[in-house]
Amino acid sequence: MKFDYLIVGAGLAGSMMAYRVKEAGKTALVIDKRSHIGGNLYCEEIEGIQVHKYGPHIFHTSNKKVWEFVNRIVPFNYFHFSPLAMSQGRLFHLPFNMNTFYELWGTKTPAEAKAIINQQRQEIKGEPCNLEEQAIALVGRDIYERLIKGYTEKQWGRSCQELPSFIIRRLPVRYCFDNNYYNDTYQGIPIGGYNYLINNLVRGTEILLNTDYIENRVQLNTLARRVIYTGTIDRFFDFRYGALEYRSLRFEEELLNQESYQGNAVVNYTDADIPYTRIIEHKYFEYGNQPKTIITREYPMVWQQGKEPYYPVNDEVNDQKYALYRAEAEKQEKVVFFGRLAEYKYYDMHQIVEKAVEII
């Protein structure tokens, strides 16, 4: 066999594994069905702006070792994610903090804001049974109706009453004037875009693009002793227990002959009658001052075969189905299943980096 490992997928999970394999003094072949490496982190430079082609990605962690590791690979800037929300023609700060409460109710002190929220939270008795109840139990009905409901139902394609409560359980709520979305100590984006990070992770590793593993697995499996698979687990097992459900996205990109469009990297659109969930203005991820700007409208959509899967729908039905696939995966002596698609679990980037260190 020519390689120690065949790594299926050149996104962050696959690229991290390529780096770890190389660190261990072993060889790997990385393959990907796309025409580029980087997976959903892939960026394209347009008019001097690094465009996040598959939606915005902000690296954040409180693990100092993880932060030091990625900064050894490529230097990161110190971008802090502070999105805005557009609702009924008005802008609100996110995450929910004293700025949001002032914009919504005119409250000026934490005590005033807490009094309103605590009063509205009383609507929910007992343990929240769905996302709607969980959101109201956290922030009250006003914020739920204005800034959560429409956005969330567009994102997931179903009523908040049908969505599990855990999706929103970690919703940031602050009684101070702090617009930094993440609580993590370290935050940023690779200077020059994520392509630099991925390129440095896979440097020295053989790569084969435009190659579908499932369609060519018999031949490809002969090339390596072990396989690290980062693709969808249900497709690996030929959908024997049925297809797992995902949400997908469609992106509508526009180059504008003006210096700025919205003055912020991300603005969420929470009204149900607006079909997209957010507009991304890419230059602000790297504090750009280019004469032109590029925006992307992000539209959630139903996932179908042939579309890119983005978010696993971890409801009871899908989780039960995944458990069957997980049991099959554990029988595979030659294959390691790793990453968001292979484990049917939403990972933040820092979690992929941490976990990759444990596998090899």
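## A walk from α5 to the open sheet

Start by selecting G140: this residue, just after α5, takes a positive phi of about 90°. Keep in mind as you go that you're looking at a predicted model.

Now step back into the helix itself and select residues 131–139. That's α5, and it is mostly covered, with seven of its nine residues buried. Colour the buried ones if you like: L131, E132, Q134, A135, I136, A137 and V139. What do they pack against? Bring up 110–121 and 141–156, and you have the answer: α4 and α6. Before leaving, show side chains at the start of α5, where a side-chain oxygen of N130 comes to within 3.1 Å of the backbone nitrogen of E132.

Next stop: a helix pair. Select 64–73 (α2) and 349–359 (α11); their axes sit 10 Å apart and the packing angle is about 90°. That makes the two helices roughly perpendicular. To see the contact, show V66, F69 and V70 on α2, then H350, V353 and E354 on α11. By class, the contact residues come out as four nonpolar, one polar and one charged.

Finally, switch to cartoon for the sheet. Five strands make up an open, parallel sheet, running β9-β2-β1-β10-β16. Select 206–208 (β9) and 335–337 (β16) for the edges: each has a single partner strand, so one side of each lacks a neighbour in the sheet. From one strand to the next, the twist averages 20°. Zoom in on β10 (224–229) beside β16, a parallel pairing over three bridges. Which residue of β16 is the bridge partner of I228? Pick V336, and you've found it.

Terms used
Residues are numbered from 1 along each chain as its sequence is written. This is a predicted model: local features need pLDDT of at least 70, side-chain atom pairs count only at pLDDT 80 or more; totals for chains, interfaces and linings use all residues. Side-chain values use heavy atoms; hydrogens and water are left out. Buried means under 20% relative accessible area, exposed over 50%, partly exposed in between (1.4 Å probe, protein chains only). Helices (H or I, at least four residues) and strands (E, at least two) are DSSP runs, numbered from the N terminus. Contact means heavy atoms within 4.5 Å. A polar contact is a pair of N or O atoms within 3.5 Å; within protein, one must be able to donate a hydrogen and the other to accept it, and residues adjacent in sequence count only if both atoms are side-chain atoms. Axes are lines fitted to C-alpha atoms, for helices over the stretch in contact, and angles run from 0 to 180 degrees between N-to-C directions. Angles under 35 degrees count as roughly parallel, over 145 as roughly antiparallel, 65 to 115 as roughly perpendicular and the rest as oblique. Ala, Val, Leu, Ile, Met, Phe, Trp, Tyr, Cys and Pro count as nonpolar, Asp, Glu, Lys and Arg as charged, and the others, Gly among them, as polar. Two strands pair if DSSP finds at least two bridges between them.
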